[in-house]
Amino acid sequence: LKPSQKTMTPILDALSKRGKVDQILLLIDWMEDMYQSHGWSDIRPNKIHFNTFISALAKTNAVDSGIQAMKILEKMKHLHRSGNNEEVQPDLVTCNAVLNAISKEGNPNDSKKSKSARDMCERAESLLQKMEEGGEG
């Protein structure tokens, strides 16, 4: 059985439910490498795979999960706009996952909580404004 987008999705989902961000990133990178170096067109990562990765980031409650999620969103936008991967165009699910990661980032016991909360709100508002303007995030 040759790996494909359909067979990789439940694997990524299971890793996401366990917050295994590093393993998801390795698997997505491997999928892209198999596409690039071996021509396995059926395995190229799509927006479902990237959305799963962003959702996993939110589950980690890491201090920088929102920042990482925004970086993945930017990577998706770049891949799509450059024509390198049409299947990764961010959508509403992507933006919701990023907002979720932003809302859950950080340590609630952090003494810089008010600054961090303000920063999170600014990033979330910026993303929402882009969505309202018709951009993909």
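What pattern does the protein follow when read along the sequence? The answer is α-α-α-α-α-α.

**Figure 1. The whole chain, shown as a predicted model.** Let's start with the overall picture. The protein has six helices and zero strands. Of its 137 residues, 39% are buried. Take the contacts between residues at least 6 apart in sequence: 65% of them join residues at least 24 apart.

**Figure 2. Helix 1 against helix 2.** This view pairs helix 1 (residues 5–17) with helix 2 (residues 21–38), whose axes come within 9 Å and cross at roughly 160°. That angle makes helix 1 roughly antiparallel to helix 2, since anything over 145 degrees counts that way. As for handedness, the crossing of these two helices is left-handed. On the helix 1 side, look for Met8, Ile11, Leu12, Leu15 and Ser16. Facing them from helix 2 are Gln23, Ile24, Leu27, Ile28, Trp30 and Met31. Sorted by type, the residues of this contact come out as nine nonpolar, two polar and no charged.

**Figure 3. Helix 1 again, this time with helix 3.** Here the axes of helix 1 and helix 3 sit 9 Å apart, and the packing angle is about 5°. The two helices are therefore roughly parallel to each other, the cut-off being under 35 degrees. Helix 1 brings Gln5, Met8, Thr9, Leu12, Asp13, Ser16 and Lys17 to the contact. Helix 3 meets them with Ile48, His49, Thr52, Ser55, Ala56 and Lys59. What mix of residue types do you get in the contact of helix 1 with helix 3? They divide into four nonpolar, six polar and three charged.

**Figure 4. Zooming in on His49.** His49 belongs to helix 3 (residues 47–60). Is this residue buried or exposed? His49 has 0% relative accessibility, so it counts as buried, the limit being under 20%. Its side chain reaches the backbone oxygen of Gln5 at 3.3 Å. Leaving aside residues up to four places away in sequence, His49 touches Gln5, Met8, Thr9, Leu12, Ile28, Met31 and Arg44. Some of these names should be familiar from the earlier views: Gln5, Met8, Thr9 and Leu12 are among the helix 1 residues that meet helix 3, while Ile28 and Met31 are among the helix 2 residues that meet helix 1.

**Figure 5. Helix 4 packed on helix 5.** Helix 4 (residues 65–81) and helix 5 have axes 7 Å apart and pack at an angle of about 160°. That makes helix 4 roughly antiparallel to helix 5. Ser65, Gly66, Ala69, Met70, Leu73 and Met76 are the helix 4 residues to pick out. Their partners in helix 5 are Thr94, Val98, Ala101, Ile102 and Lys104. The tally for this contact is seven nonpolar, three polar and one charged.

**Figure 6. Asn100 and Ser55.** Asn100 sits in helix 5 (residues 92–104). With a relative accessible area of 31%, Asn100 is partly exposed, because that value falls between the 20% and 50% limits. How far apart are the C-alpha atoms of Asn100 and Ser55? The separation is 7.7 Å, for two residues that are 45 residues apart along the chain. Ser55 also turned up in Figure 3, as one of the helix 3 residues that meet helix 1.

Notes: Residues are numbered from 1 along each chain as its sequence is written. This is a predicted model: local features need pLDDT of at least 70, side-chain atom pairs count only at pLDDT 80 or more; totals for chains, interfaces and linings use all residues. Side-chain values use heavy atoms; hydrogens and water are left out. Buried means under 20% relative accessible area, exposed over 50%, partly exposed in between (1.4 Å probe, protein chains only). Axes are lines fitted to C-alpha atoms, for helices over the stretch in contact, and angles run from 0 to 180 degrees between N-to-C directions. Angles under 35 degrees count as roughly parallel, over 145 as roughly antiparallel, 65 to 115 as roughly perpendicular and the rest as oblique. A crossing is left-handed if the near helix is turned anticlockwise from the far one by less than a right angle, and right-handed if clockwise. Contact means heavy atoms within 4.5 Å. Ala, Val, Leu, Ile, Met, Phe, Trp, Tyr, Cys and Pro count as nonpolar, Asp, Glu, Lys and Arg as charged, and the others, Gly among them, as polar. A polar contact is a pair of N or O atoms within 3.5 Å; within protein, one must be able to donate a hydrogen and the other to accept it, and residues adjacent in sequence count only if both atoms are side-chain atoms.
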